[in-house]
Amino acid sequence: MAYRYLDDRIIKTRGAGEDGELDLSSAVVRFLRESCEDLRFDDKKERQEREEGRFLGRSMQEGQIPYHMQMDLDRLCLEQAMRRFLDSGASQDAFDVYYCYLEMFVGSYGSTKRMIEMLSEFETNGSSLLMKHRDHYSHSVYVFALGLAVYETNPVFRETYQRYYGFDASAACGEHDASHHFLQYWGLCSLFHDIGYPFELPFEQVEAYFEVNGEERKDNPFLAYIGLERFVALPPDAVRRLKELYGKTFVSTDELFAYDIAEKLGNVYRFTRESIETILTAKAVNPNRFGYFMDHAYFSASVLFQELYAADQRAGRCDMNRERIDALTAILLHNSLYKFSVAFYKGGLNIPLEMKLHPLAYLLMLCDELQCWDRTSYGRNSRTELHPMDCRLTFCEGSIRAVYLYDEAEREKIDRYEKLYAAWDKTDPKRRPALKAYASMVHENTFLGDIKKIVNTEALGLTAETELAPARYEKKHRFLSDSNFIHLYQFAVALNGRYSYQGREQETGVTERLEREFGGLSLEYQLLNIGQAKAFSRYLDAVGCFYTDQPVGFEMVTAFTEEDMQVIGPLEHERWLTEHQAMGWSSGTDYATKGERERKRIHALMIDGEITKERAAAHYAALSKEEQEKDTAPMNCMLGLLRQFEGLRIYRL
């Protein structure tokens, strides 16, 4: 049984992939559903529930369901979030994945959100000033998914990981325990490997100022960071804990990371802890020593250490262990440090990284290179280049086939490149025609060749091809309304508490009380509120409206009309039905209390079977006016929330 406390007959109607060849989504779902059974179960809590005769799990409220049932539901939340994201690739769906991971493995999203919101804010608003830059927010979730699929379908990597961390796959729970471990620490390094980009972006903006005119970096001013001592310093209790782990005293993350990397890779690549520490301490201060580039990976690892330490402090715990440090050094290595200061992968003496030396770093570098599709281009040059819009991935035991799909509407650009390439004099490599990333995949396949220089791919059966295909613009679910920043959490918090605090928004401490109430919900109910906030753009589009922070010559909307509500209501009801069914709910009235309803996963307003737009609309029309208003009442509330959180206004086309 994939979910011990849920009805698999309902959930499995959505399919989890078959044995043999799997696409990316099916491989990810199989890992989360089959390989991660009993994730975060706690036998002590189960015994406590039996002894005390009460439930310790949280649904709408504490104590409504068994603790292990809540853990099953949390895992299902992550599974469904991954499904949605891999179906759309949209940043709003990437948000759900981050949200689930932070709630399950780090701490409440409200106290850890800075780790991802800063990256999204800086990329969206600052990257258009750069010459080259593409999305790293959704990219990181794709990287996460790729790693889960590799672990699930490649026995060599799976066994290497299990040996490295001392798991006995032959033991009763060995396979599942190893999968739980991998999910936690792979998620940590993959989802947050680029959170240091806000430190690299200002550096690149200064360089872009001069590069517009074709000037070289070495001839112009550059940005460097000073005053990093406090940024990299280790708190006293962290120093003590690390001494317990390593038997050595470290006073900075630079010292810690240098020691850990040298311990793992020093003998193979012939470097010392001192040499790597010297490089790390110079990364931010002397970028001129590294080709006039700022390494975001250095900041990602350093920032993440401090954020995780702060999360531990808030929770009154200490989760620091060697696996966490492994995740951080994997992040540190994934960009320029490994390529140009450890392996010198462009040189003749390059040694590709073996997975047995550092499994997390190996997988992060592999997946980071493979994930080059469906990435929003922000930089000036990046917007004119040609990158794959999608990738058809096929996984089976011991092989990965990647077919990168390019928009067939770009055929004219491709034909022009092919003519230039055919006429190119190959004795003059400097004048070789370029068309990123298409050129690197088609001719001489330098794309795959570079990956093989970075990591040893012999056990992966990795192949890469290209294909032209029509664009699927509907996949992203794009609408005119597009927020510059992710405020889904704040919207969801306010929507959840709108009845309790309506008209009292300006009272002191209301925001904190709203967040506490929202935090008292299970992950499932938090995501249902977030889903309602995410759907608002689609509803606006359906009634011919949009929101923007720009002054435009359209009629401003201060309240929805009755006609608007007749369109929005059925759509919101369809969303409610669909999301509940995905979480295993079915139709039923055999419950006396809300707690019993939550445990049985039945609801009087649910319908069984396939939920179509037409069925949902008919079901909505048959509801009482009071029940219909549960779907429409939050919509006018959203008008005020947009003004409050983003300064946006809604207009009618």
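**Notes on the predicted model**

1. K419 is exposed, with a relative accessible area of 66%. You will find K419 in helix α20, which covers residues 411-423. If you look for T394 from there, K419 and T394 are 25 residues apart along the chain, and their C-alpha atoms are separated by 32 Å. Please keep in mind throughout that this is a predicted model.

2. S120 makes a good next stop. Is S120 buried or exposed? With a relative accessibility of 7%, S120 counts as buried, because the cut-off for that label is under 20%. S120 belongs to helix α7, residues 114-126. Its C-alpha atom and that of Y137 are separated by 6.3 Å, with the two residues 17 apart along the chain. Y137 turns up again in the next point, as one of the α8 residues that meet α5.

3. Now for a helix pair. The axes of helix α5 (residues 91-106) and helix α8 (residues 137-153) come within 9 Å and cross at roughly 55°. That angle makes α5 oblique to α8, and the crossing of the two is left-handed. On the α5 side the contact uses S91, A94, F95, V97 and Y98, which meet Y137, S138, S140, V141 and F144 of α8. By type, the residues of this contact divide into seven nonpolar, three polar and no charged. A general point may help when you view the side chains: an α-helix has 3.6 residues a turn, so residues three or four places apart point the same way.

4. Helix α8 also has a place against strands. It lies across β3 and β4, and runs at about 20° to β3. Strand β3 spans residues 390-396, and five of its seven residues are buried, so β3 is largely enclosed by the rest of the structure.

5. How do β3 and β4 pair? They pair in the antiparallel sense over seven bridges, with β4 covering residues 399-407. One bridge to pick out on screen is that of R392, whose partner in β4 is V403. The two strands form a hairpin with two residues between them, and G398 in the turn has a positive phi of about 95°.

6. The hairpin strands belong to an open sheet of three strands in the order β3-β4-β5, with mixed pairing. Strands β3 and β5 (462-469) stand at the edges, each with a single partner strand, so one side of each is left without a neighbour in the sheet. The twist averages 20° from one strand to the next. While β3 and β4 are antiparallel, β4 and β5 run parallel and are joined by eight bridges. Y406, for example, has L468 of β5 as its bridge partner.

7. A further open sheet is built from three strands in the order β6-β10-β7, with antiparallel pairing. Its edge strands are β6 (545-548) and β7 (555-557), each of which pairs on one side only. Here the twist averages 45° from one strand to the next. Three bridges join β7 to β10 (residues 649-652), and these strands run antiparallel. As a marker for that pairing, the bridge partner of M556 in β10 is Y651.

8. Another helix pair to view is α2 with α10. Helix α2 (residues 24-35) and helix α10 (residues 174-191) pack at an angle of about 130°, with their axes 10 Å apart. The two helices are therefore oblique to each other, and their crossing is left-handed. F31, L32, E34 and S35 of α2 make the contact with E175, H176, S179, F182 and L183 of α10. These residues divide into four nonpolar, three polar and two charged.

9. D541 sits in helix α27, residues 536-542. With a relative accessible area of 38%, D541 is partly exposed. Which residues does D541 touch, not counting those up to four places away in sequence? They are F479 and L480. D541 and A297 are 244 residues apart along the chain, with their C-alpha atoms separated by 39 Å.

10. Last, helix α23 (residues 488-496) is mostly covered, with eight of its nine residues buried. The buried ones are L488, Y489, Q490, F491, A492, V493, A494 and L495.

Notes. Residues are numbered from 1 along each chain as its sequence is written. This is a predicted model: local features need pLDDT of at least 70, side-chain atom pairs count only at pLDDT 80 or more; totals for chains, interfaces and linings use all residues. Side-chain values use heavy atoms; hydrogens and water are left out. Axes are lines fitted to C-alpha atoms, for helices over the stretch in contact, and angles run from 0 to 180 degrees between N-to-C directions. Helices (H or I, at least four residues) and strands (E, at least two) are DSSP runs, numbered from the N terminus. Angles under 35 degrees count as roughly parallel, over 145 as roughly antiparallel, 65 to 115 as roughly perpendicular and the rest as oblique. A crossing is left-handed if the near helix is turned anticlockwise from the far one by less than a right angle, and right-handed if clockwise. Contact means heavy atoms within 4.5 Å. Ala, Val, Leu, Ile, Met, Phe, Trp, Tyr, Cys and Pro count as nonpolar, Asp, Glu, Lys and Arg as charged, and the others, Gly among them, as polar. Two strands pair if DSSP finds at least two bridges between them. Buried means under 20% relative accessible area, exposed over 50%, partly exposed in between (1.4 Å probe, protein chains only).
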